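Let's take a friendly walk through a protein model. Have the sequence and the 3D view ready, and look for each part as it comes up.

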Amino acid sequence: MIKITLPDGSVKEFEKNATPMDVAKSISEGLARNVISANFNGTKVETVTPLTTDGSLTLYTWNDDEGKQAFWHSTSHIMAQALEELYPGVKLTIGPSIDNGFYYDVDLGEHSISEKDFSAIEAKMLEIARGKHDYKMRAVTKAEALDFYKKQGNEFKVELIENLEDGTITFCDHDTFTDLCRGGHIPNTGIVKAIKLLSVAGAYWRGDENKPQLTRIYGISFPKQKDLKEYLELLEEAKKRDHRKLGKELELFTFSQKVGQGLPLWLPKGAALRERLENFLKKAQKKAGYEQVVSPHIGQKELYVTSGHYAKYGEDSFQPIHTPKMDEEFLLKPMNCPHHCEIYNARPWSYKELPKRYAEFGTVYRYEQSGELHGLTRVRGFTQDDAHIFCTPDQLDEEFKNVIDLVLYVFGSLGFENFTAQVSLRDPENPDKYIGKDENWEKAENAILSAAKEKGLNYVIETGEAAFYGPKLDFMVKDALGRSWQLGTIQVDYNLPERFDLNYKGSDDKLHRPVMIHRAPFGSMERFIAILLEHTAGNFPLWLMPEQAIILSISEKYEKYAEKVLNLLENDEIRALVDNRNETIGKKIRDAEMKKIPYMLIVGEQEEKDGTISVRKHGEGDIGTISINEFSDLINSEINRTLKKF
Ligand SMILES: [Zn+2]
Ligand SMILES: [Zn+2]
């Protein structure tokens, strides 16, 4: 007999070789019907894998992320089989699940695939799925595995197998199809009821531009037709909100092939938006005791060797910049932290002067492969709303709480109400993996946990997920479409103070190492604005809107009055503009709606006579005729509702 521990802590006894499916059946018929994957002692297993030792078992259904991953990965096998049948000679490489669906990278040889071919592939896949074929794992020797793929002439799989240890290699069979695979499948193909191929793109073998180009086919699948329908509707809405599309329509930013890929150019309205966001944060930071610093865009190679960033980013980063005569080497700055360490190092500090909080909207550069670039979310140059706090270990607690307050203020002011936090702690079983004293780690971890608790955060603890240099807290926000984004990181660091030999004089008159906190509520201005665009569909909070109101004159007779209204609004610091074009009022309203300007102020004969404006709200319609003062009050109270005092 073996003892199986379930997630609720209960222990049940089973015959040796019982499977996760047997365990599910012993709990309930309903669970057995729905269980699609499992994890045994921290390793993915099949629902039919015989369990031979005592251990902890977690069962997953479609409602768990792990279940979805198994579901989508299993569908990639079905797609691979369909491709082999439809495109003889196709060479398969890898086919993982991703956040939303799966892909398979294939070498199509003579063939090519476009979106026109999707429906035929989907039909083939559904036909295979309906066969209810079991997924069966089997161990093979390295020689057998190599032989199998050499016969097919598939050099990609051969390369993968060459790098595997003999004795660890497994194949997965279903129907007539076999694939090299580590496992993690649903019980059978019949569970897959709805399939949609989403896109086709080029991808390099092993992500290396010097290696052969493959075709990547993306798809997604569901256990119910209804789930697919809902997903496609969401996708449609996401397309409308795509920040690249909205950025163009709202004239916020652009890209130029001449300037270079992944290097955004901010247009006046976008630059003003950024500036408003920066000022908003600067103001709050000033109140929270931060000081602004400025550092250059490049630094000597040595600086990044000291910080360890060269080892991390050096190879994949941009090429060094050599000075003409002395042949000094500089690098584009990948991180602001090393610069801030040297700012701290500019003079000695006493414990009485700490914490020091240095903030900078620092632009950093990192090389991303052209295939990885995406609008503003993956770029090669971006500006972090960075800050580094240097404090004593005893101050960590207080500093952490203050940073959380700031992050929550930022989220609240920008309409992100749905968020969770993740606390990443060290793995207590591998203390050697981490730098820094044991007692300091304990202090830091307790500081994070007590701050998260005190601030009432909805958080999960991930043991073993801390970086080697310190524990951290990450915020995940859910946008209006229910998609999760990582925003706002607070990270404790024991490593850089060591590498840069930072110190302060303690009350004992001896030198001590300060602790460093890295934090960035937005993360990067570029990525944040992209997320905000998609979250709000371009309807930013009123305080942030490039234009808050537009004055629409009914005809040219009222141009003067329109200008007068504009003047009065500007006196009240309301951002407005006038549309005096020789167009009908209907056309002017439609255009203003397109530009998502929150308020349209219509002026004609009656309004001029009474000194009023007729107000229309974006997406809502007429809200009545009021005086200009009343309108100013309306705007200010709306702003005060969202933009609370920090
Ligand atoms: Zn597989
Ligand atoms: Zn940093």
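The sections below cover two metal sites, a sheet and a helix.

## The first zinc site

Keep in mind that this is a predicted model. Start at the zinc ion (ligand 1), which is coordinated by His73 (NE2), His77 (NE2), Cys181 (SG) and His185 (NE2). The distances run from 2.0 to 2.1 Å. The angles among the four donor atoms are 94 to 127°, and the site is tetrahedral.

Now trace those donors along the chain: their spacing reads H-x3-H-x103-C-x3-H. His77 sits in helix α3 (residues 65-86), while His185 belongs to the loop between β11 (177-180) and β12 (194-204). That pair is 108 residues apart, and it links distant parts of the chain. Are these two histidines, His77 and His185, buried or exposed? His77 has a relative accessible area of 1%, so it counts as buried. His185 is buried too, with a value of 0%.

## The second zinc site

Next, find the zinc ion (ligand 2). Which protein donors does the zinc ion (ligand 2) have? They are Cys337 (SG), His388 (NE2) and His518 (ND1), and they lie 2.0 to 2.4 Å from the ion. Written as a spacing, these donor residues go C-x50-H-x129-H.

Cys337 is part of helix α12 (residues 337-344) and His518 is part of strand β28 (residues 515-520), so this pair ties together parts that are 181 residues apart in sequence. Both Cys337 and His518 are buried.

## A three-stranded sheet

Time for some strands. Three of them make an open sheet in the order β17-β19-β18, with antiparallel pairing. At the edges you'll find β17 (298-300) and β18 (321-322), each of which pairs on one side only.

Zoom in on β18 and β19 (residues 329-332): they pair in the antiparallel sense over two bridges. In β19, Glu329 is the bridge partner of His322.

## A helix to follow from end to end

Finally, pick out helix α13 (residues 396-413), which has 18 residues. From its first C-alpha to its last it reaches 26 Å, close to the 26 Å expected at 1.5 Å a residue. Just past the helix comes Gly415, whose phi is positive, near 80°.

Try colouring the buried residues of α13, among them Phe400, Val403, Ile404, Val407, Val410 and Phe411. Here's a handy rule for reading such a list: an α-helix has 3.6 residues a turn, so residues three or four places apart point the same way. The buried set also includes Glu399, Lys401 and Ser413.

Note on methods:
Residues are numbered from 1 along each chain as its sequence is written. Chains are lettered from A and ligands numbered from 1 in the order in which they are written. This is a predicted model: local features need pLDDT of at least 70, side-chain atom pairs count only at pLDDT 80 or more; totals for chains, interfaces and linings use all residues. Side-chain values use heavy atoms; hydrogens and water are left out. Donors are N, O and S atoms within 2.8 Å of the metal (3.2 Å for Na, K and Ca); water is not among the atoms, so sites may look incomplete. Four donors count as tetrahedral if all angles lie between 85 and 135 degrees; four count as square planar and six as octahedral if opposite donors are over 155 degrees apart and all others between 65 and 115; anything else is irregular. Helices (H or I, at least four residues) and strands (E, at least two) are DSSP runs, numbered from the N terminus. Buried means under 20% relative accessible area, exposed over 50%, partly exposed in between (1.4 Å probe, protein chains only). Two strands pair if DSSP finds at least two bridges between them. The expected span of a helix is 1.5 Å times one less than its number of residues.
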